[in-house]
Amino acid sequence: MPNGGFRGVSEWGGVEKKNTHTHTQSTTVGSARPWQQPKPRPAKRRVHHRPDAIVIRAKDATTYADILRTLKADAALQQSVGSSVQNIRRSAAGALVLQLRKGVENAPSFGAEVDKVLGDVATASAIQHTSMVEIRDLDECATRTEIAEELARSLGAPHLNEEVIKTLRKAYAGTQTAVAALPDDLAARALKLGHIRIGWVNCRIRGREEATRCYRCWSPGHVAARCRGPDHTELCHRCGQKGHQAKDCKGQPACVLCQERGADDHRHTSMSSSCPLARKITQARR
């Protein structure tokens with residue numbers, strides 16, 4: 001019979017038609033796999049604004065209470081630094097920490113003012129929190145000075161110089177990638193921009209996750225509040241000696257952390273890209 005029909009005689013003498021059509025599934029060719037949700041885009045990294053601070057270390061047996069009285073007695077200091085202090089506490093190493101309010105941008109100048117007032121009694125230094133950002137797609141002719149100048153112009157921060165560019169390395173297809181250490185507020189502004197034009201190229205700006213590192217002993221994995229290691233805050237990051245900063249260093253590079261661990265090769269800046277310890281941390285983070 002046509003159309004697959006079947007005719008038979010029923011017990012009542014009539015003709016019975018049996019429908020042999022089968023139900024087909026709604027799946028079509030190529031839809032055997034279940035429909036998948038698109039992968040969500042990774043959330044943009046946000047910068048947490050951490051307040052800057054001024055750390056005071058006494059040179060002799062002078063009590064920190066006497067140091068505070070000296071600072072509070074200075075009228076000019078009360079107008080500038082005093083009004084910008086959020087709280088005062090002691091660090092794990094026993095130093096006096098003046099934590100500044102959020103939004104205070106001149107922590108280095110405040111540290112210099114406090115240090116001048118204290119004289120030979122104690123030393124004062126500013127701790128300015130920074131966040132790392134990556135600048136990608138740079139052409140192979142881009143220089144640190146060119147990058148820093150464009151960052152200063154785009155972020156409205158004329159005080160930025162090439163010292164904020166920590167590394168400038170080769171990337172894929174003849175491009176370069178720079179890593180810049182910016183104050184938290186400027187880093188947040190840079191990430192919001194997303195792009196910056198350097199030379200002829202519109203370069204991407206992305207956040208860079210950094211492993212936790214103690215500013216006191218320079219070792220990774222903890223913060224100064226839980227530090228039990230040696231105090232390296234007065235040492236130069238480049239040569240490991242006292243009395244100057246890395247920007248004024250004229251000595252040979254020497255990694256303090258590698259020396260303490262007994263490594264044979266320590267002729268590099270502490271925690272730089274040449275440091276085996278820094279490379280180990282980077283690989284673990286990936």
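**View 1. Surroundings of Ile165 in the predicted model.** Ile165 touches Arg144, Ile147, Ala148, Leu151, Ala178, Val179 and Ala180, not counting residues up to four places away in sequence, where contact means heavy atoms within 4.5 Å. This is a predicted model in which local features need pLDDT of at least 70 and side-chain atom pairs count only at pLDDT 80 or more, whereas totals for chains, interfaces and linings use all residues. Residues are numbered from 1 along each chain as its sequence is written, and side-chain values use heavy atoms, with hydrogens and water left out.

**View 2. The nonpolar cores.** Ile165 is also among the residues with the most contacts inside the largest nonpolar core, which has 24 residues, and Ile135, Leu138, Ile147, Leu151, Leu160 and Leu182 are the others named with it. A nonpolar core is here a set of buried Ala, Val, Leu, Ile, Met, Phe, Trp, Tyr and Cys residues joined through side-chain atoms within 4.5 Å; buried means under 20% relative accessible area, exposed over 50% and partly exposed in between, with a 1.4 Å probe and protein chains only. Two or more residues each come from β7, α4, β9, α5, β10 and β11, and α4 gives the most, with five residues. A second, separate core of 19 residues includes Ile67, Val85, Leu100 and Phe110.

**View 3. The five-stranded sheet and its helices.** The strands of this open sheet follow the order β8-β9-β7-β11-β10 with antiparallel pairing; helices (H or I, at least four residues) and strands (E, at least two) are DSSP runs numbered from the N terminus, and two strands pair if DSSP finds at least two bridges between them. Because β8 (165-170) and β10 (195-198) stand at the edges, each with a single partner strand, one side of each is left without a neighbour in the sheet. Neighbouring strands are turned by 25 degrees against each other on average, direction ignored; axes are lines fitted to C-alpha atoms, for helices over the stretch in contact, and angles run from 0 to 180 degrees between N-to-C directions. Between β7 (residues 130-138) and β9 (residues 176-183), which run antiparallel, there are seven bridges, and Thr130 stands opposite Pro183 in β9. Helix α4 (residues 144-155) packs on the sheet by touching β7, β8, β9 and β10, its direction making about 125 degrees with that of β8, while helix α5 (residues 184-193) touches β7, β9, β10 and β11 (201-207) and makes about 135 degrees with β9.

**View 4. Ser131 in strand β7.** Ser131 lies in β7 and is buried, with a relative accessible area of 7%. Its side chain is joined to that of Asp184 by a polar contact of 2.8 Å, a polar contact being a pair of N or O atoms within 3.5 Å of which, within protein, one must be able to donate a hydrogen and the other to accept it, and for which residues adjacent in sequence count only if both atoms are side-chain atoms.

**View 5. The four-stranded sheet and its helices.** This open sheet has the order β4-β5-β3-β6, again with antiparallel pairing. The edges are formed by β4 (85-90) and β6 (122-127), each with a single partner strand, so one side of each lacks a neighbour in the sheet; the twist averages 20 degrees from one strand to the next. Five bridges pair β4 with β5 (residues 96-100) in the antiparallel sense, and Val97 in β5 is the bridge partner of Arg89. Helix α1 (residues 64-73) lies across β3 (53-58), β4, β5 and β6 at about 125 degrees to β3, whereas helix α3 (residues 107-118) touches β3, β5 and β6, its direction making about 175 degrees with that of β6.
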